[in-house]
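Reader: I would be grateful for a close look at a single part of this model. Please describe the sheet in the first chain, and then add what can be said of the other chain.

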Amino acid sequence: MLEITNLHATVGGPDKPTPILKGLTLHVPAGEIHAIMGPNGAGKSTLANVLGGKPGYEVTAGSVTFNGQDLLALDPHERAAAGLFLGFQYPVEIPGVSNVQFLREALNSQRRQRGEEPLSGGEFLKLAKDKAALLQMDMDMLKRQVNVGFSGGEKKRAEMVQMGILNPAFAVLDETDSGLDIDALRIVGAGINSIMRSPDKAVLLITHYQRLLDVVRPDKVSVLADGRIVETGGPELALRLEAEGYDTVMADG
Amino acid sequence: MTDLQTRSQSDVAETDVEAREAAAKAADYEHGWSSDIETEFAEKGLTEDTVRFISGKKNEPEWMLEWRLKAFRLWQTMEEPDWAKVGYPKIDYQDAYYYAAPKKKIELGSLDELDPEIKRIYDKLGIPLGEQEVLAGVKGAKKVAVDAVFDSVSVATSFREELLRAGVIFLSISEAIREYPDLVRKWLGRIVPVRDNYFAALNCAVFSDGTFVYVPEGVRCPMELSTYFRINAENTGQFERTLIIAEKGSYVSYLEGCTAPMRDENQLHAAVVELVAMDDAEIKYSTVQNWYPGNADGVGGIYNFVTKRALCQGDRSKVSWTQVETGSAVTWKYPSCVLNGEDSVGEFYSVAVTNNFQQADTGTKMIHNGKNSRSTIISKGISAGKSSNTYRGLVRVGPTASNVRNFTQCDSLLLGDQCGAHTVPYIEVKNPSAQIEHEATTSKISDEQLFYAMQRGLGEEEAVALIVNGFAKDVLKELPMEFAVEAQKLLAISLEGSVG
Ligand SMILES: Nc1ncnc2c1ncn2[C@@H]1O[C@H](COP(=O)(O)OP(=O)(O)O)[C@@H](O)[C@H]1O
Ligand SMILES: [Mg+2]
C-alpha cells in the first residue's frame, strides 16, 4: 500500500537546508498497523509532514508510492483525496470556523476530487454524529471552532473524529496518544481500531508508549533514528524498547 | 506593522479632509469595452449650466435647483483635499461628464464579448445568465433580466404594494423630490451638510439619482429593502444619494450594493448617504461593495469616496452599519453615527479586503453627544498582494455625554509580506465617566493553518477562503442571510491567487 524507498529530505529552505531524513525505507502493506518509535528529534514528525506534502520540506532523493501512485507528485489536498490522513502531533486552530463546517467542506472537497457526489448537510451531520459518538465526543464540541480552546487531549480526540469522518485508506498518526489520560487513551485506541483496522487500510502509528500499543496492537514495530529505519520487528520490539530504552536496544542491534 | 495612535485633540473636519483625496485618470478605461453613447448627455465639464441641465432633466422643483446651485458655488470655493499618500494623477473635473450615467451605457453585443475574467467570476458567483447580461451591459438584456429577477412584473408590483400597505415609502430620490418635497427638504443635507467635505459638496451639486426610504412611526418594514431591485432596472449613478428616515419606533433593514464585480466608465464615485433615526427607531444598513479594483498591475479601477452618516437623533435609537468592501482601487469611507439621543446605539461592522494594488482607508466615527449612548466597532481588515489597508476611527465623547461606552476591536489579517495594515484610532473624551476600550490584533495566515486545511482535502484557495471567512465571521454574521452567503464567496474570489 505505501512504499517508502531510500527517502532523503531536508528542512530549512534552499538557503540552509538541513538533512533530516537520510535514506529511509519502509513498506507498509494493506491491512498492517505499523508502529514507529524512536528518540526525540529522530525525524518522525518530519516523515509525517513529508508524506503529507507540507511546504518547506524538500525531498532530495528517494520515492514514495501509494497504491502504485507517485505520492510525492501530488499536492497535499490531492494526497488527502487519494486517502492519506495525518493525525497531527500539534493540531492547528482555525478561529471562526466550526469543526462541522471545516469537515464538511473538507470531505466534500475530497469527494469532488474523486468524482463522487457531495454529501448534503443532513447526510453529513448524521455521519459526524456517528463518529463523534464513536469517540465519545459531545456533538457540541464539533460545533465549536476548530481546536480553539480545546485541551491537548480534546484536540487529539477531535483528530480521531476527523479521521472517522474522512475515512482514509492510510493514516499517519503522530503521537496521537500524548496528552491523553488513561480513559481517553482507551477510547481513542478503540476508535483507531474501529476506523482503521481493515484488510484494505493501513496505519503508521508514531508513539513513544507501549500503553497505546496495548490497545492498538501493531503488526510491526520499527525504530526510526537519525532519519532512517534502524530496526524492524514484531510487537515484542516495542516491549523491549520500553523496558531497556533506545540506546540499549540499538546497541544490541 | 500596526501603528496605534491616540490623539487627544483632533478636528473632525480636518480628518475628513485628510481622509479624502482623489485623483483619476481622465482617460477612458482600457478593458476592450465598446462604449457607444446612445442618447443625450450633458456637455463635458462642470458649470452652473451643467447643474441646471441635470435638475431640468429630472423635472426638479425650483428649491432643489437652488439648493444644488448653492452647493455648486460652495464646491467651487473648496480645496480638493490633497492626500500625500496616494500618488495618482489629479482628476480633471472639467474633462468629465456629469449627466451620463443613466443614458450612456457600455453595451456588448453578447456575453461572448465580455472580458473572460469577469465572465469567470460571474460564473463562480453563480449569477444566472440573464442577470449576467444586465451586469455586463449586453444590448437588450435589461428586460430579460428584470423578468428573470422578478419572475414577472407582478412580483415587483406586489412588492411595492406590500410596502405601500405598510406605509413605507421606497422610491428613487428623484421621485421623492417630486412627490414628497417636504420630507426631502426637511432632511436632505441635514445629516451630511453641503460643506462637510469636497466630495459631499460635489455630490450635492450633481447627484444623479439614489434612494429614498421613509418608515412611519411604529412601522416595522415588512421586508429587507434592497437596491438590487432598482439596480436591475436602472444603472447606478456615479454620484448616488441616499436618504433614509426612520420615525419613532420604526425599523428598517436596507441592503446596498451587489456582489458581482460592477464596472463603470466613471472612475470617480462620490456617494452621500444620510440616515436619521428618531426615538426607539432602528436602521440596519448593510453594504456589499465590489466595484472594479483595477487589474493585477493596479491599472484602472474605481475611486470610491463615500460620505455616510447616521443621526441617532431619538432616545434609544439605533443604527448599525455593516459593510463588506472588496472592490475599488481606492476607497475612502467612514460610515459614522452621531449619537444625540440618550441611550442611543451606534454599531459599525466592517470587512475590508485589499489585494494587488488596492488601497482602502476606511473606518467610522462615533460621536457621542447623548447620555448613556453606546457604540461598538468591529473592523476586520484583510490585506494581500501589494495592497494597503487602513482602519481609521474616531470615538468622540462630548462634555455633557455621561456614561458613554465604546468597544472597538480592530483585527488585521495579512496574506504575504508585501501588504500593509494600519490601525489609526482617534479618541477624544471630554467627559470623564466614559468607558472606552480598544483592542487591536495583527496576524498572518500561517503555513500551519493552510497545510492543516489542505491535508484534510481543501485546495489552497479553498483553504484560504475558509480561514478568511473564519476571521471575518463576527462581521459576516451581522449581514442578512442571503447577503452573507454571497459575501463569503466574494471574499474568496477577491483573494484568488494571493497565496502560493
Ligand atoms: N523547520 C525546521 N528547520 C530546521 N530544523 C527542523 C525543522 N523542523 C524540524 N527540524 C529538526 O528536525 C529534526 C527532526 O524533527 P522531528 O521530525 O520533529 O522529530 P521527531 O518527531 O522524531 O521528534 C529535529 O532535530 C528538529 O529540530
Ligand atoms: Mg514529533
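Author: Buried residues account for 61% of the 500 residues in chain B of this predicted model; that chain is taken up again after the sheet of chain A.

The sheet in chain A is open and has four strands, in the order β2-β1-β4-β5, with antiparallel pairing. Its edges are formed by β2 (18-28) and β5 (69-70) of chain A, each of which pairs on one side only. Helix α1 of chain A, residues 44-52, packs on this sheet and touches β1, β2 and β4 of chain A. The direction of helix α1(A) makes about 105° with that of β1(A). Within the sheet, strand β1 (residues 2-11) and strand β4 (residues 57-66) of chain A run antiparallel and are joined by eight bridges. For E3(A), the bridge partner in β4(A) is T65(A). In general, the strands of a sheet pair through backbone hydrogen bonds, in either a parallel or an antiparallel manner.

Chain B contains 15 helices and 19 strands. Of its contacts between residues at least 6 apart in sequence, 85% join residues at least 24 apart. The accessible surface of chain B is about 19,300 Å², and carbon and sulfur atoms contribute 49% of that area.

One residue of chain B may be examined in detail. T242(B) lies in strand β4 of chain B, residues 240-246. T242(B) counts as buried because its relative accessibility is 3%, and buried means under 20%. Apart from neighbours within four places in sequence, T242(B) is in contact with T211(B), Y254(B), V272(B), V273(B), E274(B) and Y285(B).

Terms used
Residues numbered from 1 in each chain as written. Chains lettered and ligands numbered in written order. Predicted model: local features only at pLDDT ≥ 70, side-chain atom pairs only at ≥ 80, totals over all residues. Heavy atoms only, no water. Helix = DSSP H or I, 4+ residues; strand = E, 2+ residues; numbered from the N terminus. Buried < 20%, exposed > 50% of the residue type's maximum accessible area, 1.4 Å probe, protein only. Contact = heavy atoms within 4.5 Å. Areas by Shrake-Rupley, 256 points an atom, 1.4 Å probe, with all protein chains shown as cover. Pairing = 2+ DSSP bridges. Axes fitted to C-alpha atoms, helices over the stretch in contact; angles between N-to-C directions.
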